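Biologist: Could you take me through one part of this model up close? I'd like a single helix contact in detail, and then whatever else helps me place it in the whole chain.

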Amino acid sequence: MDETTRAVIQRTMAAPDAGVPYQVHPPEQVLDADLHRTMATLILDGRDRLTPEQAAGPEGIDLELVFLVGCYYAARMQLLPEEEARWASYAFEFLLAVVRELRPEALPTHWRQVFEEQPPQLVPSYEVLHVVGTALFLPSEATGDVDGVLCATALLSTAWQWSRGTESEPVLSFKAGTFLAAAADLDEDPESARRTRGTALHLMRGGLGAIPLDQAPERDAMMAEIIRVQSKVPAAAAPDDGLHAELDRYHRDGDPTELDRIIDRLRDVIATAAEPDRSHRRLELGQILRMRFEVKGDLDDLNESIDRLGAALAGPVDQEIRAGVRSFLALSHLDRYGTEQDRADLDEATVLARLACTAATAASPAHGQRLTNLAAVLTARAAADDDPAALDEAVEHLRQALAVTPSSQPDRPVILIKLAVALRERAGRPGREPDLATAEAILRQVAGPAADPGSGPHALVARVELGELLAERGLRLRASAASPRRFRTAGRWQSPGPRTPAPACTARRAGR
């Protein structure tokens, strides 16, 4: 801000009832996109001098800047449609709350009276950046204003970084990601857009992973937005050599000797490899041994899988690899529980699967697969303990896994089938009967046309599951006709009552 403008604002603040900035400007000038970007840029440039918490900084608070931009949003919010006006009003309130706190006489009398009746909230600086960034983003994205979207993204990225460790962090992380995704949509350079979209998804997944499971509407909206962004990410090309290529050949040809060759090769590599490569190869060997167990049923393979994965977990691996090891080790324990029925394996699988799905690794591209593995463990617990809450959690994890798995990913049909199976199981509980229709719709989607010869193994599995579902539904209908009380159960099956949400932080109060 130049010194001439600052002097004018100081005179206005000395006699505010004589008129404040933008109060009598024509609407077209107040709504001008260039002016809006200028106001937002002032906030971005002065971000270290906006609120009382920053008063101890080397330069103190720039109260003239705060006053000017607050007055601008006071004028702007009167001229906007409802959603944009809401964010402009937050900016007005949060900025002028600072002026009221430090120099109330600088506000016009009628504003002071309004604030006496409804005191404005003093918020952290990151919330000021949040609301100004959102107020700029909405019209900028709608009109394809690249500069406006980039400025809004810079404001939200800073807000997210400053909110680390607060209740607002998940929302601001997700929102910064959505703004970056919009910037990628406007980027004419495909490679730059690809990198930006990857960063966006990283932030969005991280935000989603930290939102509590009981906040279903908010999580569902986030999931839908992640699906939308991921639909624009081209599928990664499959590697033409190495383990992935070997597994592709196995899945294509179904030759179990291919697994034998992979296992022999990995054992030889591990014998001579140094760390951390040795731990990485142990992870791969543990996975392949479990696959061979599922084909041949040799318990020695499963025991070796657990040993190899346990050794990998003890090795010098990073957080991402460690999460993958835990997830696959959980599956090996789960398979051994299914064979040996040793409850210790199921408990160990549960601990490992949960540790693999913490918020710290929620941004990983493998998060959907790990959620699916956790759901498999929880489904087994639900059956073992007759626990409906475990099944509810499994369904939620599978839905979240779908949300973070691109439609082009080969694992997506598997997740859909597992979700349908879990819903079919849950449909036997009172009040959950609609789950059966949802499961049927999902299986029909994966199964595709019955006459399609090229539908692949996933479609065949879906058709088998669909046949069992339809047969079960027929049995239920006949049983219900014979005994209307058949499906009534004890109170322990009833869904828990509604929970009282915790007080919302400002980012949540304002909404995403």
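Modeller: Helices here are DSSP runs of H or I with at least four residues, strands are runs of E with at least two, and both are numbered from the N terminus. Counted that way, the protein has 23 helices and zero strands. Keep in mind that this is a predicted model.

For the close look, let's take α3, which covers residues 33-45, and α8, which covers residues 146-162. Their axes sit 10 Å apart and make an angle of about 25°. Anything under 35 degrees counts as roughly parallel, so that's the label for α3 and α8. As for handedness, α3 passes α8 in a left-handed crossing.

Now for who touches whom. On the α3 side you'll find Arg37, Ala40, Thr41, Ile43 and Leu44. Facing them from α8 are Asp147, Gly148, Cys151, Ala154, Leu155 and Thr158. Sort that contact by class and you get six nonpolar residues, three polar and two charged. The charged ones are Arg37 from α3 and Asp147 from α8, while Gly148 goes in with the polar group.

Zooming out, the protein has 512 residues, and 49% of them are buried. Take the contacts between residues at least 6 apart in sequence: 65% of those join residues at least 24 apart. The protein exposes about 24,600 Å², with carbon and sulfur atoms supplying 53% of that area.

While you're in there, have a look at some of the loops too. As background, most peptide bonds are trans, and most residues other than glycine have a negative phi. In the loop between α13 (256-272) and α14 (277-296) sits Pro276, and the peptide bond leading into Pro276 from Glu275 is cis, with omega near 5°.

Then there are a couple of positive phi values outside glycine. One belongs to Gln341, with phi near 60°; you'll find Gln341 in the loop between α16 (319-340) and α17 (343-355). Another belongs to Asp386, where phi is near 55°, and Asp386 is in the loop that links α18 (367-385) to α19 (388-403). How exposed is Asp386? Its relative accessibility is 37%, and the partly exposed class runs between 20% and 50%, so Asp386 counts as partly exposed.

Key
Residues are numbered from 1 along each chain as its sequence is written. This is a predicted model: local features need pLDDT of at least 70, side-chain atom pairs count only at pLDDT 80 or more; totals for chains, interfaces and linings use all residues. Side-chain values use heavy atoms; hydrogens and water are left out. Axes are lines fitted to C-alpha atoms, for helices over the stretch in contact, and angles run from 0 to 180 degrees between N-to-C directions. Angles under 35 degrees count as roughly parallel, over 145 as roughly antiparallel, 65 to 115 as roughly perpendicular and the rest as oblique. A crossing is left-handed if the near helix is turned anticlockwise from the far one by less than a right angle, and right-handed if clockwise. Contact means heavy atoms within 4.5 Å. Buried means under 20% relative accessible area, exposed over 50%, partly exposed in between (1.4 Å probe, protein chains only). Accessible areas come from the Shrake-Rupley method with a 1.4 Å probe; for residues, only the protein chains shown count as cover.
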